[in-house]
Amino acid sequence: MEQEQSLFTQSMEPMMSHHLDSPLAREDPRLDISDVYVFRGTTGTAFVINVNPLSGAGAFHPEGRYEFRIDTDGDAVEDVTYCVTFGDLDADGHQVLELRRLDGADARNRDAAGTVLAHGRTGTELGTESNMRIWAGPAADPFYIYGAVVGAVRDAVVKGTPFDPAAIDYERSANLFAGTNVSAIVLEIPDEDFEAKTIGFWGTTALATDAGGWRQINRCAHPLVNTIFYPDGSQEADDYNVTPPSEDRELYGPLVNDLVSKAVTAAHTSDDPAEHARRVVDAIFPDILRYEIGTTAGFGFAGRNGRGLADCAPEVMFALVLNRAVPLGLDSRAVTEAPSRKFPYLAPPV
């Protein structure tokens with residue numbers, strides 16, 4: 001038991017930048033997005049935003065906004081936003097929730113009223129007149145990772161040192177998030193609601209300010225971007241979370257290009273590190289999950305099309321950046337309970 005606790009403690013530090021990836025998110029984990037997913041559901045396209053990682057305690061922030069942002073024309077600017085807000089926790093541990101849709105310019109305006117689509121309580125599947133459905137509540141975290149691997153990858157990228165898989169004790173590989181919960185919002189949208197064949201998706205959270213208006217707290221699309229490239233609790237991580245994807249290439253492209261070029265140079269995994277770094281920047285920026293409506297999702301080595309709940313996304317990201325295979329030492333069997341094929345897809349809390 002002592003050895004297992006030591007492993008957990010040592011693995012926590014490199015992972016905090018993924019699941020509490022900025023000073024703002026550390027202030028209230030209920031607004032911290034750990035992962036987002038988009039995949040083919042049973043009646044349409046399913047979108048998932050998971051927040052409040054490592055515990056799922058406290059549910060959703062009653063003064064926050066949880067936003068599903070969707071780009072339909074490929075310009076990395078949201079054309080439709082589905083916004084979910086919550087009331088206070090009641091004595092039974094439930095919250096009132098409301099789902100609104102905002103289109104066009106309103107999709108980018110947090111003061112816009114939008115259209116109310118659903119109103120109900122957490123823990124209950126809610127439907128809309130357009131056959132959309134939404135569910136929110138605690139769920140088992142489907143994300144799995146071995147902390148020693150991500151720590152080694154991040155050191156290689158941030159410090160420009162060779163990645164050495166032999167230094168990782170794969171005999172002790174364990175899922176850092178096994179037995180932990182998240183607060184999840186699952187939204188399923190009929191195919192006919194989309195005017196585009198391919199969409200882009202990212203999730204954001206925002207908090208009402210004392211002065212009025214809203215302050216964006218977090219955003220998420222590709223997994224582990226902040227973990228790999230930005231120091232824990234840094235201003236860079238904080239800045240990244242409050243800027244829009246349309247500015248990613250200009251704001252963060254030069255830094256990522258430089259880090260990746262140095263990392264693959266140290267690892268001797270590319271004849272042209274500068275060109276490889278350019279391809280990495282093109283692959284992850286703007287930071288949006290692209291998905292072809294009606295197809296099987298997969299965030300994999302053969303291609304990236306949305307992200308399924310069981311995809312081994314960390315291995316894909318690590319290989320993309322370092323231009324070499326980086327075994328995680330785990331697969332989807334490392335989660336405590338496998339996701340379901342039925343709405344709302346996530347496994348019940350553990």
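**Core, cavities and backbone of a predicted model**

Student: In this predicted model, which residues have the most contacts inside the largest nonpolar core?

Tutor: The largest nonpolar core has 96 residues. Membership asks for buried residues joined through side-chain atoms within 4.5 Å, and within that set the residues with the most contacts are F47, F229 and F318.

Student: Leaving out residues up to four places away in sequence, what does F318 touch?

Tutor: A contact here means heavy atoms within 4.5 Å, and residues up to four places away in sequence are not counted for F318. On that basis F318 touches I145, V149, V150, V153, L224, I228, N323, R324, V326 and L328.

Student: N323 appears in that list; where is N323 found, and is N323 buried or partly exposed?

Tutor: N323 is found in the segment after helix 8, and its phi is near 60°, a positive value in a residue other than glycine. Most residues other than glycine have a negative phi. With a relative accessible area of 35%, which lies between the cut-offs of 20% and 50%, N323 is partly exposed.

Student: Y345 also has a positive phi; is Y345 buried or exposed?

Tutor: Y345 lies in the segment after helix 8, with a phi of about 75° although it is not a glycine. Its relative accessibility is 3%, and because the cut-off for burial is under 20%, Y345 counts as buried.

Student: Which residues does a cis peptide bond join with omega of about 10°?

Tutor: Most peptide bonds are trans. A cis peptide bond with omega of about -5° joins F285 and P286, where P286 lies in the loop between helix 7 (273–284) and strand 12. The cis bond with omega of about 10° leads to a proline found in the segment after helix 8 (313–322), and the residues it joins are F343 and P344.

Student: How many disulfides does the model contain?

Tutor: A disulfide needs two cysteine sulfur atoms within 2.5 Å. The sulfur of C83 is 17 Å from the closest cysteine sulfur, in C220, and is therefore too far for a bond; the sulfur of C312 is 16 Å from its closest cysteine sulfur, also in C220, and is again too far. Both C83, at 3% relative accessible area, and C312, at 18%, are buried, and the count of disulfides comes to 0.

Student: Which residues are closest to the centre of the largest pocket?

Tutor: The largest pocket has a volume of about 410 Å³. Its lining of 15 residues divides into 7 nonpolar, 5 polar and 3 charged. Of these lining residues, the closest to the centre are F39, G308, L309, S340 and R341.

Student: How do the residues lining the second largest cavity divide into nonpolar, polar and charged?

Tutor: There are 2 cavities of 30 Å³ or more, and the second largest has a volume of about 30 Å³. It is lined by Y37, P142, F143, Y144, R307, L309, D311, A313 and P314. Arg and Asp count as charged, and the lining divides into 7 nonpolar, no polar and 2 charged.

Student: Which residues does T122 contact beyond its neighbours within four places in sequence?

Tutor: T122 sits in the loop between strand 6 (115–121) and strand 7 (126–127), and at 6% relative accessibility T122 counts as buried. Leaving aside the neighbours within four places, T122 is in contact with F60, F86, H94, Q95, L97 and A136.

Notes:
Residues numbered from 1 in each chain as written. Predicted model: local features only at pLDDT ≥ 70, side-chain atom pairs only at ≥ 80, totals over all residues. Heavy atoms only, no water. 1 Å grid on protein atoms, 1.4 Å probe; cavity = no way out; pocket = protein on both sides within 12 Å on 5 of 7 lines; lining within 4 Å. Points joined across faces, edges and corners; volume = space filled by probe spheres on them. Buried < 20%, exposed > 50% of the residue type's maximum accessible area, 1.4 Å probe, protein only. Helix = DSSP H or I, 4+ residues; strand = E, 2+ residues; numbered from the N terminus.
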